[in-house]
Amino acid sequence: MIQAANITLRIGKKALFEDVNIKFTEGNCYGIIGANGAGKSTFLKILSGVLEPTNGEVIITPGERLSVLEQDHFKYDEYPVLDTVIMGNQRLYDIMKEKDAIYTKEDFSDEDGIRASELEAEFAEMDGWNAESDAATLLNGLGIPTEDHYSLMKDMEGSKKVKILLARALFGNPDILLLDEPTNHLDLDAIGWLEEFLINFDNTVIVVSHDRYFLNKVCTHTADIDYGKIQLYAGNYDFWYESSQLIMKQRKEANKKKEEQIKELQEFIQRFSANASKSKQATSRKRALEKIELDDIRPSSRKYPYIDFRPNREIGNEVLTVEHLSKTIDGVKVLDDISFTLNHDDKVGFVGSNEAAKTVLFQILAGEMEPDSGEYKWGVTTSQSYFPKDNTKIFDTDLIIVDWLTQFSEIKDATYVRGFLGRMLFAGEDGVKKMRVLSGGEKVRVLLSRMMIEGSNCLILDEPTDHLDMESITALNEGMKKFRGVLLFSSRDHQIVETTANRIIEIMPNGSIIDKITTYDEYLASDEMARKRAVYTTTDDQEADD
């Protein structure tokens, strides 16, 4: 058990946490959620002891071992991979090293023998004889081959280091496990293995992640950070989202009924307070009126944009034909003789590790790049909107947001355009911000506003969730599911691909494609190697939690 008791953390005058009390118990997995900047990663640092709170304390059951996923990828560069994992249980590692040092001494004394005996007893009690095989099992499960186990950490590429540090955190059956973005830079095979590990883990897990699909798979509880407090809910992320929306709706409806009752009572009192025969009734209604209290509905600090892509015209049967398209960039063939035809109900998720190829294909289809060979043809009833992965050029302008967006609107009216910005959480004065000063998340919301204003019936979206918080990702997911047109998109968000796409096209490392009419999960289940080719990553904006 680990407990936060009256935790307060002040940064300057701002209180990030105020009198937080929460208990995390054995056998449960807790997902920590909250708007960007709410303090999710900071709270994990307080629980781990890295950060000292202003007030309050963290209480851990005596004798229990806490393990944390390390974020410093260079910390263990001079150690072998296997040693790095075993160091996850520092006491066990220290015993191993001390034992080895004693046994290699040339002048082995009686005191050394007694000390070695004590260490051997503690080593056996900690199941030390299985330490190397347990560490190897974790590494193999996460996709680190046996030939790498004795290499130095500094010789490992970044994606492998991530897996090794995760194995280190999981090693030795810790009593309490703290994980901050554990799926970041993992392939889907490794994520699947981690999901199964955590589902079967008997102790306490506390995890921060932007991966809704992962949180839904592993979490038994959701801890929601809002207004410096933490509210605990039973259930995973989707259950929290549905129940929190329902609670807010019920409170609003209850208040609406109370407001109607107040209005009726006030009208009665006004009409009959001067009438002697009705004065008693008017007095009793005054008392009733005084007793009615409206629920204090404090709006959540997290805000959901309203994303609704509405095509201006219906799409015909002929949508897109791609024939023998090829493209080589810097001597590398990124697209190799690809052909496919889109139908008017297709929502196509483009997947795989070949991210450059997806971007090049989208640029060609959006008319921003010419293929080396082959051709493509959009149907006459189609209109296209393109969301580029790299938007640097678009925002290299001195125009303000409203003026820039008005260019894409049939209705050249600033008030009309501001309506779209309002849906995307830009307050009144935000519309006069210059395009070039916007943050990563604001830029994405402006581009999504443009797509809504254009009203196209074919949308091309290249990694639209980059730089978005969980609330905006959830809203985008809903908008994509409801869209009554054709979608071509790539996304690192597993849930968006699984819930939106009815067709999967994977662009292979050699530039060829695999094209299947199927959901994403069905596709992954049918192709084991596809899971190794897909990697989940979080953008810097999402990781910069505070």
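**Exercise 1. What should the 13 residues of helix α6 (residues 158-170) span at 1.5 Å a residue, and how far apart are its end C-alpha atoms?**

This is a predicted model, where local features need pLDDT of at least 70, side-chain atom pairs count only at pLDDT 80 or more, and totals for chains, interfaces and linings use all residues. Residues are numbered from 1 along each chain as its sequence is written, and side-chain values use heavy atoms, with hydrogens and water left out.

Step 1. Helices are DSSP runs of H or I, at least four residues; strands are runs of E, at least two; both are numbered from the N terminus.
Step 2. The expected span is 1.5 Å times one less than the number of residues. For α6 that gives 18 Å.
Step 3. The end C-alpha atoms lie 19 Å apart, which agrees.

**Exercise 2. Decide how enclosed α6 is.**

Step 1. Buried means under 20% relative accessible area (1.4 Å probe, protein chains only).
Step 2. The buried residues of α6 include Val162, Ile164 and Leu166.
Step 3. Because 10 of the 13 residues are buried, α6 is largely enclosed by the rest of the structure.
Step 4. Contact means heavy atoms within 4.5 Å. The cover over the buried residues of α6 includes β5 (66-68), α5 (131-141) and α7 (188-199).

**Exercise 3. Describe how α13 (residues 414-423) packs on α14 (residues 440-454).**

Step 1. The angle is about 130°, and the axes are 9 Å apart. Axes are lines fitted to C-alpha atoms over the stretch in contact; angles run from 0 to 180 degrees between N-to-C directions.
Step 2. Angles under 35 degrees count as roughly parallel, over 145 as roughly antiparallel, 65 to 115 as roughly perpendicular, and the rest as oblique. α13 and α14 are therefore oblique to each other.
Step 3. Val417, Phe420, Leu421 and Arg423 of α13 meet Ser449, Met452 and Ile453 of α14.

Methods:
Buried < 20%, exposed > 50% of the residue type's maximum accessible area, 1.4 Å probe, protein only.
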